[in-house]
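Trainee: Could you help me take a close look at one charged pair and then set it among its relatives elsewhere in the model?

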Amino acid sequence: MSKQAPPPSWRHVGRHGVFPQGKLDDASRFDFLANMNRHLATRLSPKVRESFEKRVAPRTEQALGRPLKDRGEVREAMAREPIYQMWSALRRTTMEMRQQAGRAMVLRQLEPLIEKARALNDAAVTLQLDPTLEIPRTACAVDIHCMPGGYHTELVEDDITNGANYDAGIFATTGGMLGRWNDGGGQALAQWLKQKYPAFKPRRILDLGCTIGHNVVPLAQAFPEAEVIAIDVGAPMLRYAHARARSLGVENITFRQANADDLGYPDGHFDLISSAMFWHESSARSMPLQLREIYRMLAVGGLTAHLEQPQYGEDMSLYEQFIRDWDTWNNNEPFWGVMHDYDVRQMVLDAGFAADKYFETTVAGVVDREVFPVAESNGEDYGRAALWTMFGAWK
Amino acid sequence: MSKISDLDIIDLAGTRAKGARPYYFNDPDSDRLLSIVMAVAMEHAVTRQRLDALERLIEAKGLLSRQELDDYVPDRAAEGERGVWTQEYIARILRFVQQETETLRDGVDVDIHAVQDELR
Ligand SMILES: C[S@@+](CC[C@H](N)C(=O)[O-])C[C@H]1O[C@@H](n2cnc3c(N)ncnc32)[C@H](O)[C@@H]1O
């Protein structure tokens, strides 16, 4: 492994009007966590693979008298491997520390933060909360990715705690790879659209599971004439998202609290329906429903496009599947593994889309020069331009 | 819903995520210990970064250069004081080890249950 520069310090994160203020010690905590993640990913993780290849796989296959047959068997065998135990335990505890660091920083300034959000949101019609909305089991059965209270919990009136905490930590968790505004996915999608389909000018855009709007803001900026609707079930996320977008000067997004299972818009209402990292937090019951809703709400000639982690698929090695599936078992992502086993193409077709209108591709992010001011010495920025898997269809 | 002033923010910051936590080691005590040690490691890094910031600020104000700090040689008296501090520090951290080894000298310790019965 070649020597890598350390991840950029948290102090380069983009600061908008509701971003929590971090002091020196907060920045140091996030920098420690970013470096922990880097250490685990680049130094320890290759050893976990090696322990599987050199020790665990040969031993287990000998005992079984046959090759390992699925990732469940790999997981069972690896559970007893000390290097894997240590790596997993460190990963889990690092995530827990990240949550505590973010929550402590946000809670300590909750009052001024809520005031700032109130001032920015100011009874705007573009923030539509529905206190009667029933939070779906997909979002509240466990606290997704170990974020205490999940997306929906409200501690106080007009709460934004969990939105602010989500925003504050993601830069450290991703080592700045998503750019200063953590919007690399949305930027990549907007750029892909402009380059590949310059004539495509959606008038109405819908984003599913927008959380705090990281990835829908670049779409709204790319299509300033468009009316954008971003939905989520979590009120603290939406309040924060709306205030964040406002303070970034983006006014053409309506943030609405609603369940993607049933959104109630007329048939053919939208020209573009997008999501980012949404499907792995759905369910076997909801995903087909939601895909059919997308088909129904999309105009003829419209596009639906979804950024996700790569599907596992048959040609992915069992080890690779097992490692990518870590979050299912260790990071409170109960639907992650099921979703990544799906034949998403077939699901999109089952929702009504035509086979020749379906696509899968990867889109590359743009390296944020404010975060990474200098190119790598080979000039290639290898590994810095994040890649996203995308699937979707035209109607 | 609570009032902001009523929130116990120390408790809330450290609250658990809903969903049973996996334990990884053969003995769950190792998971407990590792979590504590890593939190201390982070706080140690935070302190070290704070000290580094302090040094750089002092240097920028021209009061002291970090070279001076790195080249600092305590005189004999200071050396002694620093040595004592280091000894104390290590002993504090290893108190548990010390107390366990004291049974070598003192033999099996008094059984608290036996004393309870005796004084009952
Ligand atoms: C991993 S996050 C998505 C991240 C976000 N799109 C981004 O780009 O930063 C998943 C989001 O989906 C929301 N969600 C889950 N189920 C939903 C549903 N049935 N309807 C609407 N939103 C849902 C969750 O509240 C959560 O905010």
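Trainee: Asp52(B) is the residue I would like to start from: is it buried or exposed?

Mentor: Happy to, and the short reply is that Asp52(B) is buried, because its relative accessibility is 17% (buried is under 20% relative accessible area, exposed over 50%, partly exposed in between, with a 1.4 Å probe and protein chains only). Before going on, keep in mind that this is a predicted model: local features need pLDDT of at least 70, side-chain atom pairs count only at pLDDT 80 or more, and totals for chains, interfaces and linings use all residues. Residues are numbered from 1 along each chain as written, chains are lettered from A and ligands numbered from 1 in order of writing, and side-chain values use heavy atoms, without hydrogens and water.

Now to the partner. The side chain of Asp52(B) forms a salt bridge with that of Arg56(B), with 2.7 Å from N to O (the cut-off is a Lys or Arg side-chain nitrogen within 4 Å of an Asp or Glu carboxyl oxygen). Both residues sit in helix α2 of chain B, which covers residues 28–60 (helices are DSSP runs of H or I, at least four residues, numbered from the N terminus). Because Asp52(B) and Arg56(B) are four residues apart in that helix, about one helical turn separates them. The two ends of the pair have their own settings: Asp52(B) is buried, whereas Arg56(B), at 42% relative accessibility, counts as partly exposed. Elsewhere, salt bridges with shared partners link Asp26(A), Arg29(A), Arg108(A) and Glu43(B) into one network.

Over all chains, the search of the whole structure turns up 34 salt bridges. For a pair in chain A that is also spaced by about one helical turn, look at Glu320(A) and Arg324(A), which are four residues apart in helix α11 (residues 318–324). Their side chains meet in a salt bridge at 3.2 Å, N to O. Here Glu320(A) is partly exposed at 24% relative accessibility, and Arg324(A) is partly exposed too, at 27%.

Glu320(A) is worth a second glance, since it leads to another part of the chain. Its C-alpha lies 8.7 Å from that of Arg71(A), although the two residues are 249 apart in sequence. Arg71(A) belongs to helix α2 of chain A, residues 71–78, and with 13% relative accessibility Arg71(A) counts as buried.

A further pair also reaches beyond a single helix. The side chains of Arg11(A) and Asp31(A) meet in a salt bridge of 3.7 Å, N to O. Arg11(A) lies in the segment before α1 of chain A and Asp31(A) lies in helix α1, so this pair ties together parts that are 20 residues apart in sequence. Arg11(A) counts as partly exposed at 43% relative accessibility, while Asp31(A) is buried at 17%.

If you also like to check backbone angles, two residues of chain A deserve a stop. His145(A) is not a glycine, yet its phi is positive, at about 30°; you will find His145(A) in the loop between α5 (137–140) and α6. Asp158(A), again not a glycine, has a positive phi of about 60°. Asp158(A) also lies in the loop between α5 and α6 of chain A, and it counts as partly exposed at 26% relative accessibility.

Technical notes: Helix = DSSP H or I, 4+ residues; strand = E, 2+ residues; numbered from the N terminus.
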